[in-house]
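Colleague: Please take a close look at the salt bridges in this model. I would like one connected account, with the partners and their burial.

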Amino acid sequence: MSLHTTRNLKIHQPENFEFDSIPDSHSWDDIHDHPSVEPIGPDAIPVIDLNDPKLIAKIGKACEEWGIFIISNHGIESELLNRLCSQMLRLFALPAEVKLKVAKTEGNDAGYGGAPVSHFFPKFSWSEGFAIVGSPVDHAKKLWPDDYSSFCEIIEEYNKAINSLGCRLIHAMLLSLGVSEEELCQTPIGDSSKVKTAMHLNSYPACTNPDWVLGLPPHTDSAYVAILYQNGVPGLQVLRCKDDISPTRWVTVPAVPNTFVVNIGDLLHVLSNGRFHNVLHRVTISKINRLSCACFFGPQADVKVGPLSKLAGLEQSPLYRPVTWPGLKKIRSVLHDKALQAIKIDSNYIEG
């Protein structure tokens with residue numbers, strides 16, 4: 001397999017995943033650092049019906065105890081999800097030289113390439129990605145000069161639907177924190193005009209020996225929240241720390257048909273003054289090709305996010321200093337999983 005470097009960003013070729021044996025560049029020695037378990041019994045990941053009359057309480061409980069949950073009855077038609085899947089298959093089936101025409105470049109988050117966390121790890125991920133920030137038209141024209149409109153139309157339709165769902169979920173999360181309807185728009189996350197989204201399409205090719213490869217290494221998301229659609233093939237895992245029931249373990253998130261996975265990111269952990277759990281997660285590989293689409297919701301670049309004032313009052317002081325999304329990403333680019341520790345009130349870290 002060859003690797004292309006585009007302005008210091010390593011890009012995988014899509015025909016790369018057909019090896020006689022796993023090369024050292026893709027072989028992860030620490031995949032089995034903790035046991036992997038199924039989501040049953042006390043490790044059952046919450047599944048929440050959005051029509052449940054106790055929705056607010058259930059979402060709040062899931063955010064605090066898990067940092068991840070699955071939603072059903074979300075209102076997005078399965079037919080739209082099937083069309084989205086078809087376009088993802090079409091995208092990742094393109095020849096390497098075509099996809100590399102839209103490769104990510106330094107300072108540009110959009111385009112073809114790996115996840116931003118990849119450069120922290122010595123091994124390569126068994127995956128391909130395509131990030132969309134804003135309109136995909138310019139990139140789509142390079143990929144399909146004579147037939148780009150169908151891809152753009154599906155992405156636009158899906159983006160509109162997922163944005164509506166994201167606003168509904170964020171609304172419920174804020175209410176679960178005790179924010180009133182009147183106070184919603186006064187928060188940086190409650191005002192939808194101050195929330196931006198980014199979409200990441202992912203392909204995790206089948207592997208004949210999946211026990212030694214990772215689709216995505218362990219990380220948290222920097223955004224407020226991520227909403228994930230997966231094509232029925234499991235692979236996402238979340239870390240559950242040692243408790244009275246079991247030692248530290250990776251819990252596999254089930255791929256329940258016609259549902260979405262919702263996980264809490266760093267900025268919502270900050271906004272909630274530590275009440276909501278920013279979940280550490282990774283992606284494992286199987287012998288079946290897996291597709292997913294992750295949509296990330298975060299603040300506009302100039303919006304500073306700190307603990308909500310009503311959550312950082314007399315009973316508990318604010319735990320974190322306010323930070324912008326680009327500012328947090330910059331700190332993460334240096335400190336990776338120690339970024340939130342760096343913006344704690346008692347930290348002496350100075351962004352430089």
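Modeller: Asp 52 and Lys 58 form a salt bridge, with 2.6 Å from N to O. The model is a predicted one. Asp 52 is buried, because its relative accessibility is 19% and the cut-off for buried is under 20%. Lys 58 is partly exposed, at 38% relative accessibility. So this bridge joins a buried acid to a partly exposed base.

The structure has 14 salt bridges. Side chains of opposite charge can pair when their charged atoms come close. Another of these pairs is Asp 24 with Lys 123, at 3.2 Å from N to O. Asp 24 sits in the loop between strand E2 (9-12) and strand E3 (36-37). Lys 123 sits in the loop between strand E6 (111-112) and strand E7 (128-132). The two residues are 99 residues apart in sequence, so their bridge ties together distant parts of the sequence. Asp 24 is exposed, with 60% relative accessibility. Lys 123 is buried, with a relative accessible area of 18%. Here the base is the buried partner, and the acid is the exposed one.

Next comes Arg 249 with Asp 243. Their side chains meet in a salt bridge of 3.1 Å, N to O. Arg 249 is buried, at a relative accessible area of 1%. Asp 243 is partly exposed, at 30%. This pair belongs to a network: salt bridges with shared partners join Asp 43, Asp 243 and Arg 249.

One more site carries charged residues, and that is a pocket. The second largest pocket holds about 530 Å³ of space. Its lining has 23 residues, and those closest to the centre are Thr 220, Asp 266, Asn 278, Leu 280 and Asp 337. Four elements give two or more residues to this lining: strand E9 (214-219), strand E11 (236-240), helix H6 (266-271) and helix H8 (339-342). Helix H8 gives the most, with three residues. By class, the lining of this pocket has nine nonpolar residues, seven polar and seven charged.

To recap the pairs: Asp 52 bridges to Lys 58, Asp 24 to Lys 123, and Arg 249 to Asp 243. Each has a buried partner: Asp 52 in one, Lys 123 in another, and Arg 249 in the third.

Conventions. Residues are numbered from 1 along each chain as its sequence is written. This is a predicted model: local features need pLDDT of at least 70, side-chain atom pairs count only at pLDDT 80 or more; totals for chains, interfaces and linings use all residues. Side-chain values use heavy atoms; hydrogens and water are left out. A salt bridge is a side-chain nitrogen of Lys or Arg within 4 Å of a carboxyl oxygen of Asp or Glu. Buried means under 20% relative accessible area, exposed over 50%, partly exposed in between (1.4 Å probe, protein chains only). On a 1 Å grid over the protein atoms alone, a cavity is a set of points where a 1.4 Å probe fits but cannot get out, and a pocket is an open set with protein on both sides within 12 Å along at least five of seven lines; lining residues have an atom within 4 Å of a point. Grid points are joined across faces, edges and corners, and a volume is the space filled by probe spheres set on the points. Ala, Val, Leu, Ile, Met, Phe, Trp, Tyr, Cys and Pro count as nonpolar, Asp, Glu, Lys and Arg as charged, and the others, Gly among them, as polar.
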